[in-house]
Amino acid sequence: MMKKILVLAAPALAATLLSSLASAAPDLAAAHKLYQANCAQCHGKDLEGAAGPNLADATWLHGQPTRANLLRVIGKGVVDKGMPAWDKQLNNVQLNQLAEYVLPANAAARKAAAGKGAAPAAAPAAVANTSLAALRLPKGFQIAVYADNVQGARELAVTDSGLVFVGSNKAGKVYALVDANRDGVAEKVVTVAEGLDHPNGVALLNGALYVGEISRIIKFDDIEKNYASKPAYKVIKNDLPKETWHGAKYIKAGPDGKLYVPIGAPCNICDKEDEAYSKIWRMNPDGSNWELYARGVRNTVGFTWHPVTKELWFTDNGRDEMGENMPSCELNVAPKAGMHFGFPYCHGGVLPDPQFGKGKSCDAYVPPVAALGPHVAPLGLAFYTGTQFPEQYRNQLLIAEHGSWNRTNKIGYQVRLVTLHGNKLVSDTAFIDGFLQDEAVSGRPVDIAVMPDGSILVSDDHAHKVYRVTYQR
């Protein structure tokens, strides 16, 4: 939500708000609830930062954290950095409450307000258990915490022996989750590497761990042997774009032995058809033979291959600023190289873009297999290839929906089960639900991986956990 880039925007807005609310005493208890419902998913429940920057420290890039500046930035947003204009969703009183809540001068009062109705500090385990108990799964399935304190857990990669690697945008680290006694709980969270540039992506290929940073791909050889000794890495490719907007790299090794790397659009909506953006690329394990695979892809943060057909399936996040209910995010299949999936000209296979769609026909582009919903933010996905779950789950898709950030009523925040017949959608149903309760968010699913024993893992960069889902007949 609120970014530290306090830009000058619409002085009249702040003047109006200040004038109309100057005599109103701030209700920080109400502001706390408002912040937790709308801001905590990006900036952390204690303003410590998450996907968005820290709001509790003394570092401010432009301007000062005055009430007037905060009202401006909250109201009009910082659109080029992905922050919405909240004056379209919140009223003047609410905007003023949030500005007061963030003010450094109110830090002590803010902590006191946060304590009202909160669980006792001495019982963090009870909070975690309550959150987990709120999750709903189909009959016979159980969910438990596989690893805790995995700061900003994003993409997952699992070796044949069950060693789990996790990338993290926020922490700049790559972790290894170690369950040495095979009891279904990782007793160690080992930092493999740190100080990296948004290492979102992790992939395993030929015994090596590949990590996707914003502008480069690095490689750790013989990773299962060396993960615990802060291993050295080789730079495989270092000429990727440096833009951070949709710049996080979800990388994966394909059945063809190549490494697949997306480059998202550096914008909400723009035409970069003649540049590297809005495409999926692939390369050899040594970084050679960089080639285009798919185009017209706004921002895929998840792809996988069908275990039988070996066709590439991927999610794509729809554009913003066309309203709360359009366009839909997408599930796509790319059975061959060279296909165009519509961005920025057409959305969801049916909706021409109001700016770039003029003179274009949606019939010219590959439509999605499924419209997943507006702003649900689908990320990682996996075909279920294990044998622990019932037979009807075999070779069907599980999709992590990170959840909306720009709707009055939040949606997403689930793991969905997409049932397919061939390449046609049969059903799209909730598999894990309950991360969203009365507009309060307890978790944001990011990626899914199938374990050697047939259970699945789900990463959560909001709660900083990795969950394990099992089935008992």
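User: Hey, which residue forms a salt bridge with Arg-154?
Analyst: Arg-154 pairs with Asp-461, and their closest N and O atoms are 2.9 Å apart. Keep in mind that this is a predicted model.

User: Where do those two sit in the chain?
Analyst: Arg-154 is in strand E2 (residues 153-158). Asp-461 is in the loop between strand E28 (456-460) and strand E29 (465-471). The two are 307 residues apart in sequence, so the pair ties together parts that lie far from each other along the chain.

User: Is Arg-154 buried or exposed? And what about Asp-461, buried or exposed?
Analyst: Arg-154 has a relative accessible area of 10%, and the cut-off for buried is under 20%, so Arg-154 is buried. Asp-461 comes out at 13%, so it counts as buried too.

User: How can side chains pair like that in general?
Analyst: Side chains of opposite charge can pair when their charged atoms come close.

User: How many salt bridges are there in the whole structure?
Analyst: A search of the whole structure turns up 18.

User: Cool, show me another. What does Arg-282 pair with?
Analyst: Arg-282 has a salt bridge with Asp-256, at 3.1 Å from N to O. This pair links distant parts of the chain, 26 residues apart: Arg-282 is in strand E12 (residues 279-283), while Asp-256 is in the loop between strand E10 (252-253) and strand E11 (259-263). Arg-282 also meets Glu-291 in a salt bridge, at 2.7 Å from N to O.

User: And how accessible are Arg-282, Asp-256 and Glu-291?
Analyst: Arg-282 counts as buried at 16% relative accessibility. Asp-256 is partly exposed at 37%, and Glu-291 is partly exposed at 23%.

User: Which residues are joined into one network by salt bridges that share partners?
Analyst: Lys-219, Asp-221 and Lys-234 are joined that way.

User: Let's stay with Lys-219. Where is it, and is it buried or exposed?
Analyst: Lys-219 lies in strand E8 (residues 217-220). Its relative accessible area is 18%, so Lys-219 counts as buried.

User: What's around Lys-219?
Analyst: Not counting residues up to four places away in sequence, Lys-219 touches Ala-208, Leu-209, Tyr-210, Ala-232, Tyr-233, Lys-234 and Ile-236. The Lys-219 side chain also makes a polar contact of 3.2 Å with the side chain of Asp-221. Ala-203 is 16 residues away from Lys-219 in sequence, and their C-alpha atoms are 9.5 Å apart in space.

User: New topic: what's the strand order in that open sheet of four strands?
Analyst: The order is E14-E15-E16-E20, and the pairing is antiparallel. Strand E14 (303-305) and strand E20 (370-374) are the edge strands, each pairing on one side only. On average, neighbouring strands of this sheet are turned by 20° against each other, ignoring direction.

User: How many bridges do E16 and E20 pair over?
Analyst: Strand E16 (residues 328-334) and E20 pair over four bridges, in the antiparallel sense. For example, Cys-329 has Gly-373 in E20 as its bridge partner.

User: Which strand is Glu-330 in, and what is its nearest side chain of opposite charge?
Analyst: Glu-330 is in strand E16. Glu-330 is buried but has no salt bridge, and the nearest side chain of opposite charge is Arg-298, 9.6 Å away.

User: So what does Glu-330 have a polar contact with, and what else is it in contact with?
Analyst: The side chains of Glu-330 and Asn-332 are joined by a polar contact of 3.1 Å. Leaving aside neighbours within four places in sequence, the contacts of Glu-330 include Phe-314, Phe-341, His-347, Pro-368 and Leu-372.

Methods
Residues numbered from 1 in each chain as written. Predicted model: local features only at pLDDT ≥ 70, side-chain atom pairs only at ≥ 80, totals over all residues. Heavy atoms only, no water. Pairing = 2+ DSSP bridges. Axes fitted to C-alpha atoms, helices over the stretch in contact; angles between N-to-C directions. Buried < 20%, exposed > 50% of the residue type's maximum accessible area, 1.4 Å probe, protein only. Contact = heavy atoms within 4.5 Å. Polar contact = N/O pair within 3.5 Å; in protein donor to acceptor, adjacent residues only side chain to side chain. Salt bridge = Lys/Arg side-chain N within 4 Å of Asp/Glu carboxyl O. Lys, Arg positive; Asp, Glu negative; His and termini not counted.
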